[in-house]
Amino acid sequence: MNGTGTGHVHILWTSPEVVTFDKMVKMYAVNSMKKGWWEAVTVIIWGGATKLSAENEEVRAGLCTMRDAGVHLSACVTCAHELGVEDALTAQGIECIPWGPPLTELLRSGAPLLSV
């Protein structure tokens with residue numbers, strides 16, 4: 001199947017496991033952009049993935065790879081603040097915003113959302 005470049009997919013990443021990040025989140029997000037499966041990909045970093053994104057060097061490098069491929073990275077500001085990693089995430093160029101209302105709108109609209 002060739003890329004169609006249609007639409008925008010959001011990946012809700014909550015797993016604190018490196019293998020899940022590497023072999024699912026990063027792999028799918030990067031390939032989606034490189035192969036044109038989607039016009040836009042946003043990874044929403046939430047829960048346990050928040051701390052992992054700030055503190056694990058392998059994950060941090062993978063996030064740079066994703067950003068270089070055109071993936072938009074955004075984290076739940078409440079998670080980042082409560083886990084003490086908001087400054088570390090913003091220093092990596094990851095936006096931190098209140099994701100509750102936008103996620104609710106995505107769900108209500110039926111927009112493509114992949115939860116990991």
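**Cores, cysteines and buried polar residues in a predicted model**

Let me begin with Ile44, which sits in strand β2; helices here are DSSP runs of H or I of at least four residues, strands are runs of E of at least two, and both are numbered from the N terminus. This is a predicted model, in which local features need pLDDT of at least 70 and side-chain atom pairs count only at pLDDT 80 or more, while totals for chains, interfaces and linings use all residues. Residues are numbered from 1 along each chain as its sequence is written, and side-chain values use heavy atoms, with hydrogens and water left out.

Ile44 has 0% relative accessibility and therefore counts as buried; buried means under 20% relative accessible area, exposed means over 50%, and partly exposed lies in between, with a 1.4 Å probe and protein chains only. Leaving aside residues up to four places away in sequence, Ile44 touches His10, Ile11, Leu12, Trp13, Ser74, Trp99 and Leu106, where contact means heavy atoms within 4.5 Å. Its C-alpha atom is separated by 9.4 Å from that of Ser115, although the two residues are 71 apart along the chain.

Let me now turn to the overall architecture. The protein has six helices and five strands, and from the N terminus on its elements run β-α-β-α-α-β-α-α-β-α-β. For 116 residues, a compact globule would have a radius of gyration near 13 Å, and the protein agrees, with 13 Å; this radius is taken over C-alpha atoms, and the globule rule is 2.2 Å times the number of residues to the power 0.38. Along the principal axes, the C-alpha atoms fill a box of roughly 40 × 30 × 20 Å. Of the 116 residues, 40% count as buried. Among contacts with a separation of 6 or more, 72% come from residues 24 or more positions apart. The exposed area is about 5,900 Å², of which carbon and sulfur atoms supply 56%; accessible areas come from the Shrake-Rupley method with a 1.4 Å probe, and for residues only the protein chains shown count as cover.

Which residues of the largest nonpolar core touch the most other members? They are Trp13, Val43, Ile45, Leu63, Met66 and Leu89, out of 26 residues in that core. A nonpolar core is a set of buried Ala, Val, Leu, Ile, Met, Phe, Trp, Tyr and Cys residues joined through side-chain atoms within 4.5 Å. Two or more residues of this core come from each of β1 (8–13), α1, β2 (40–45), α2 (48–55), α3 (57–68), β3 (72–76) and α4 (77–82). Helix α1 gives the most, with four residues. Apart from this core lies another, of five residues, among them Leu12, Ile44, Trp99 and Leu106. Returning to the largest core, Val43 touches Ile11, Trp13, Val25, Ala29, Met66, Val71, His72, Leu73 and Ser74, again not counting residues up to four places away in sequence.

Two residues of helix α1 deserve a word. Ser32 lies in this helix, which spans residues 18–34, and at 0% relative accessibility Ser32 counts as buried. Beyond four places in sequence, Ser32 touches Trp37, Trp38 and Val41. Val18 is also found in helix α1, but at 23% relative accessibility Val18 counts as partly exposed. Beyond four places in sequence, Val18 touches Leu52, Asn56, Glu58 and Val59. The C-alpha atoms of Val18 and Ser109, 91 residues apart along the chain, are separated by 31 Å.

Helix α2 comes next. Its buried residues are Ala49, Thr50, Leu52, Ser53 and Ala54, and what covers them includes β1, α1, β2, α3, α4 and α5. Ser53 leads us to Gln92, in the loop between α5 (86–91) and β4 (95–97). The side chain of Gln92 reaches the backbone oxygen of Ser53 at 3.1 Å. Gln92 is buried, with a relative accessible area of 10%, and beyond four places in sequence touches Ser53, Ala54, Arg60, Leu63 and Arg67.

Finally, the cysteines. Why is there no disulfide between Cys76 and Cys79? The sulfur of Cys76 has its closest cysteine sulfur in Cys79, but the 3.4 Å between them is too far for a bond; a disulfide is a pair of cysteine sulfur atoms within 2.5 Å. The structure accordingly holds zero disulfides. Both cysteines are buried: Cys76 has a relative accessible area of 5%, and Cys79 has one of 14%.

Methods
Polar contact = N/O pair within 3.5 Å; in protein donor to acceptor, adjacent residues only side chain to side chain.
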